[in-house]
Amino acid sequence: MLPNNDFNSKFNVLAASGDIPDMSRLGSFDYQKYVDQGLFLDLTKLIDQYAPNLKKNLKPELWELTKHKGKQFVIPYENGAGKEVPAVRKDWLDALNMKMPTNLDEFEQMLKAFTFNDPDKNGKNDAYGMGIANSFAETFMPIFGAYGIAPGMFASSVPMNSYLKDNKIVPVAVSPEYKEALAYIKKLWDAKVIDPEIFTIKADQAQQKIAQGKIGYFTAWWSIVPQTLTQQLKMKEIVPNVKWEPIAPGIKGPAGQSGMLSFGNVGATIAISAKTKNPEAVLRFLDYMSTDEGWELNHYGIKGTHYTSITEARTPEGQKAFD
């Protein structure tokens, strides 16, 4: 294991020496810098023979996208589209006799009802329609998507501050869509339906607030609801009737657009060293990990020892191993 911030420089040293591990997990298309050095094994014929599950479970376009000069030197690591998920307290919607919002007008009405209409029926004005789990940029992303843009959340590493319009590169921050989105967000802020701590609260404190039933909507990484809130923070014990659901297919804007941040189709690749003595064993291992059984073992451990169900919290032994 190599630290993320030092991985490339250390792998460059290994590559220069010609002594790389049997199996290397590289960034999306980083393999292209090394493949012509003869470091990686040509897997074109071996995958069909030793990794049929991998071949079947990964989309054909991913295999095609990661070919090099017509040959398959790496195994693509699929990046699922639904990484960032807008989550809503469905039990609050039901309590208020409201439907899942489909557009910005309905979204605004939902946030106002969550804030002012006592959705948890505790007789207190102690909840906000919108909050955060990790960063405020994530929470606002569906609103920007409704206007057809995606401003950069991680501007230092991901170039998402411009977009293509009329065959020209346009900076998002000076686009009319960006200004419209900001105006909509300000309207929500002025209506006091956004948690006023959204810009200052730390992520762990924000997640605690959600787990305590003080927030009706947020957008965050897909695992926040099932793992952080339900399993780690035991939200169902605090709020027994809680039910989170994603807004699908999205919140539509004035032009009927909707969208969420995309991280691309290929998240990483796996390469096998040309010097590997038993490449078929490496492929069999990866092939097993692509099955349901292998995936569950890899993520949760031994059933009955480390966990009982993937929808429930890990056992104490499993949580200790995970930590």
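Visitor: What volume does the largest pocket have?

Guide: In this predicted model, the volume of the largest pocket is about 2000 Å³. As a general idea, rolling a probe the size of a water molecule over the atoms shows where empty space is left.

Visitor: How many residues line the largest pocket, and which of them lie nearest its centre?

Guide: The lining comprises 43 residues. Nearest the centre of the pocket lie Arg-25, Tyr-77, Ala-268, Ile-270 and Asn-298. By residue class, the lining of the largest pocket divides into 23 nonpolar, 14 polar and six charged residues.

Visitor: Which elements give two or more residues to that lining?

Guide: Three helices at different places in the chain are among them: helix 1 (7-17), helix 3 (52-57) and helix 13 (292-300). Helix 12 also contributes, as do strand 1, strand 2 and strand 9.

Visitor: In what order do the strands of the sheet stand?

Guide: The open sheet consists of three strands in the order 1-9-2, with antiparallel pairing. Strand 1 (23-27) and strand 2 (74-78) each have a single partner strand, so one side of each is left without a neighbour in the sheet. From one strand to the next, the twist averages 25°.

Visitor: Over how many bridges do strand 1 and strand 9 pair?

Guide: Strand 1 pairs with strand 9 (residues 266-272) over five bridges, in the antiparallel sense. One bridge can be located by residue: Gly-27 has Ala-268 of strand 9 as its bridge partner.

Visitor: Which helix lies across these strands?

Guide: Helix 12 (residues 279-289) lies across strand 1, strand 2 and strand 9. Relative to strand 9, helix 12 runs at about 150°.

Technical notes: Residues are numbered from 1 along each chain as its sequence is written. This is a predicted model: local features need pLDDT of at least 70, side-chain atom pairs count only at pLDDT 80 or more; totals for chains, interfaces and linings use all residues. Side-chain values use heavy atoms; hydrogens and water are left out. Two strands pair if DSSP finds at least two bridges between them. Helices (H or I, at least four residues) and strands (E, at least two) are DSSP runs, numbered from the N terminus. Axes are lines fitted to C-alpha atoms, for helices over the stretch in contact, and angles run from 0 to 180 degrees between N-to-C directions. Contact means heavy atoms within 4.5 Å. On a 1 Å grid over the protein atoms alone, a cavity is a set of points where a 1.4 Å probe fits but cannot get out, and a pocket is an open set with protein on both sides within 12 Å along at least five of seven lines; lining residues have an atom within 4 Å of a point. Grid points are joined across faces, edges and corners, and a volume is the space filled by probe spheres set on the points. Ala, Val, Leu, Ile, Met, Phe, Trp, Tyr, Cys and Pro count as nonpolar, Asp, Glu, Lys and Arg as charged, and the others, Gly among them, as polar.
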